Amino acid sequence: MFLARKNFFSSYIGSIIRREDQAIQATLQLDPASLNSLYIYEAKLAFFLRIAQRQDGAERLLENGILDVLSDCAFLDLKPSIRNDCGLVNYADAFIPARAERYHQLLMPALDLMLVLVTRIGRDNLTLWMKAARFVSQHYAVLEAILKEAALPSTPLSIALLTETKAITALVFYISRQRSVLDREAALAGSGYVGISSLNMPMLALMPKLCANGTWVNRLLATNDVERAQSQVPASPFDDEAKDSVASALGERPVKDIQHTVFGQQASELVDSIVHNVISYAQTITEQIGSGSTPDETRAFRPAFSWSIEHSRESDYTPSLATLVAFVRRSASQIERGRNARKEKLRLSKNASEMAVADLRKLIDTSPYVELSDDLSTPQMRALASVLLAQQAQRIGRSVTMLVTAVEQSLVLLWRHLSYFINASADDDSAGNMYGLGNGYGGSNAANRLLSSVSQLSPQERDMLKTDASITLPPILAALSEIKLTADEFSNASTHSRFMQMLIRRIKDLVLRDASISS
């Protein structure tokens with residue numbers, strides 16, 4: 001590449017630290033003199049992001065120290081406090097964005113570039129993963145704070161916060177798959193080092209807050225004029241669940257359910273991605289390669305959740321199997337609703353010529369993605385309506401696909417945990433520690449308490465788990481068994497169906513077998 005041959009890469013990348021770090025820090029002041037440094041930084045990172053889309057471009061960026069530079073950027077550690085940033089200045093009509101928004105403009109390009117690099121270069125580049133782990137360690141306080149804010153019930157959920165959380169959970173998941181990184185952190189346990197392993201609890205704490213129930217919707221907050229406008233626009237004028245939102249858009253009644261607006265739809269898609277990342281992470285940390293040297297050695301199971309499967313017995317401190325059960329229960333109905341909604345969108349899209357003119361106008365007027373004049377002809381409205389409905393069906397299809405994958409991973413986690421807890425003897429300490437990181441895991445007493453609570457069950461607790469599972473799981477598994485995926489919905493529908501049915505059978509065999517034995 002021309003830039004690499006002329007050595008422009010190293011000087012261009014290094015300038016972020018050498019010449020611009022202090023100026024960028026100044027843009028996070030309450031009343032900055034100029035935001036030029038922020039915009040220059042955004043332009044540079046956008047350029048790097050474009051280069052990183054190609055394999056050779058990503059490798060050149062890595063060779064010229066982009067990850068070292070991002071790790072050493074002091075301005076990424078200057079996240080403004082939510083309390084300190086609220087109520088000081090009203091930025092609603094101001095030219096200068098709020099400090100939280102300015103920080104978001106600094107953080108997200110760095111996270112986006114990190115994600116492109118770790119996915120583009122590949123899993124076999126040890127240098128990449130060590131440098132990515134260093135980025136997490138250097139900015140650990142910020143990453144932890146964002147994850148905790150997303151899980152804190154008293155913190156409003158903005159699109160910016162959910163976007164940051166999605167990127168962080170994806171980055172942690174990718175890095176946690178690298179055994180070399182975990183081995184290095186295990187060697188540093190007890191030295192005060194913080195990294196991927198130390199983010200375990202903040203990662204898992206997101207599950208009961210975002211995937212077990214829908215109460216996160218009550219925390220949604222539109223933070224700018226665009227989001228406030230989108231919170232008044234229904235996501236779809238033909239969904240039964242969105243009738244109140246459609247009526248409000250037509251001036252008939254106020255919006256009551258923000259989840260069925262465009263703003264709520266964006267937030268729901270982000271939450272789905274976060275949940276998918278966290279479940280994938282949980283599945284990764286439950287299996288760690290043994291300490292032997294043979295390449296085909298088996299994986300030792302490490303539980304990630306406590307044993308309670310009923311919310312009445314769930315602890316507020318540790319994520320439990322009750323969270324997985326609640327997620328699978330809700331997901332079963334969401335998958336069916338999503339499949340039906342997708343079918344209806346496709347039907348309407350193919351039959352737009354039969355739609356009444358009033359319905360065509362309603363669809364176009366409530367669409368957040370187009371702004372058209374009122375003098376469209378009927379054929380033009382029908383053509384546009386067909387495209388809009390097809391786009392809605394495509395978005396629903398992507399969401400359902402992600403949900404099905406998350407349910408499959410949840411069933412794997414549920415089956416592995418149930419098998420472990422039910423079959424392990426009461427005095428079996430084969431789990432040792434949960435993540436293969438030793439008792440000095442992160443140097444945290446709280447983490448050590450979690451290890452103890454997860455890996456040890458008394459005979460009474462084991463009997464209680466068997467009884468709860470035999471009562472709670474059969475109706476949920478029966479509902480999942482009724483889901484019949486078709487080829488027009490999923491590229492590998494038969495594979496997904498067989499895999500899910502196999503997991504359902506194994507969980508049933510485990511739960512019903514032990515229930516019959518104990519009875």
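At 16% relative accessibility, Arg99 counts as buried, because the cut-off for that class is under 20%. Arg99 belongs to helix H8, which covers residues 99–121. Its C-alpha atom is 9.4 Å from that of Ser81, and the two residues are 18 apart in sequence. These values, like those below, come from a predicted model.

The overall make-up of the protein was examined next. Its secondary structure comes to 23 helices and two strands. The protein has 519 residues, and 49% of them count as buried. Contacts between residues at least 6 apart in sequence were also surveyed. Of these contacts, 76% join residues at least 24 apart.

Helix packing was then considered. Two packed helices are described by the angle between their axes and the distance between the axes. Helix H10 spans residues 140–151, and helix H11 spans residues 159–176. Their axes come within 10 Å and cross at roughly 120 degrees. H10 and H11 are therefore oblique to each other. The crossing of H10 past H11 is left-handed. On the H10 side, the contact is made by Leu143, Ile146, Leu147, Glu149 and Ala150. On the H11 side, Leu161, Glu164, Thr165, Ile168 and Thr169 take part. Sorted by class, this contact has six nonpolar, two polar and two charged residues.

H11 also packs with helix H17, which runs over residues 262–285. Here the angle is about 20 degrees, and the axes are 9 Å apart. That angle makes H11 roughly parallel to H17. H11 passes H17 in a left-handed crossing. The H11 residues in this contact are Ile159, Leu162, Thr163, Thr165, Lys166, Thr169, Ala170, Val172, Phe173 and Ser176. H17 contributes Phe263, Gln266, Ala267, Leu270, Val271, Ser273, Ile274, Asn277, Val278, Ser280, Tyr281 and Thr284. By class, the contact of H11 with H17 has twelve nonpolar, nine polar and one charged residues. Thr165 of H11 takes part in the contact with H10, and Thr165 is also listed in the contact with H17. Thr169 likewise appears in the contact with H10 and in the contact with H17.

One residue of helix H9 was followed in detail. Val136 is placed in H9. At 0% relative accessibility, Val136 counts as buried. Val136 is in contact with Leu143, Leu171, Ile175, Gly195, Ile196 and Leu199, leaving aside its neighbours within four places in sequence. Among these partners, Leu143 is also one of the H10 residues in the contact with H11. Val172 is 36 residues from Val136 in sequence, and their C-alpha atoms are 8.2 Å apart in space.

Charged pairs were examined last. Side chains of opposite charge can pair when their charged atoms come close. A search of the whole structure finds 13 salt bridges. One of them joins Asp72 to Arg134, with the closest N and O atoms 2.8 Å apart. Asp72 lies in the loop between helix H6 (66–71) and helix H7 (82–85), while Arg134 lies in helix H9 (residues 126–138), so the pair ties together parts that are 62 residues apart in sequence. Asp72 counts as partly exposed at 37% relative accessibility. Arg134 also counts as partly exposed, at 30%. Both residues belong to a network of salt bridges that links Asp68, Asp72, Lys131 and Arg134.

A salt bridge within a single helix was found between Arg339 and Glu336. The N to O distance is 2.8 Å. Both residues lie in helix H18 (residues 321–350), three residues apart, or about one turn of the helix. Arg339 counts as buried at 7% relative accessibility. Glu336 counts as partly exposed at 29%.

A further salt bridge pairs Asp488 with Arg342. The closest N and O atoms of this pair are 3.9 Å apart. Asp488 lies in the loop between helix H22 (459–481) and helix H23 (493–518), and Arg342 lies in H18, so the pair ties together parts that are 146 residues apart in sequence. Asp488 has 53% relative accessibility and counts as exposed. Arg342, at 14%, counts as buried.

Definitions and conventions. Residues numbered from 1 in each chain as written. Predicted model: local features only at pLDDT ≥ 70, side-chain atom pairs only at ≥ 80, totals over all residues. Heavy atoms only, no water. Axes fitted to C-alpha atoms, helices over the stretch in contact; angles between N-to-C directions. Helix = DSSP H or I, 4+ residues; strand = E, 2+ residues; numbered from the N terminus. Parallel < 35°, antiparallel > 145°, perpendicular 65-115°, else oblique. Left-handed = near helix turned anticlockwise from the far one by under 90°. Contact = heavy atoms within 4.5 Å. Nonpolar A, V, L, I, M, F, W, Y, C, P; charged D, E, K, R; others polar. Salt bridge = Lys/Arg side-chain N within 4 Å of Asp/Glu carboxyl O. Buried < 20%, exposed > 50% of the residue type's maximum accessible area, 1.4 Å probe, protein only.
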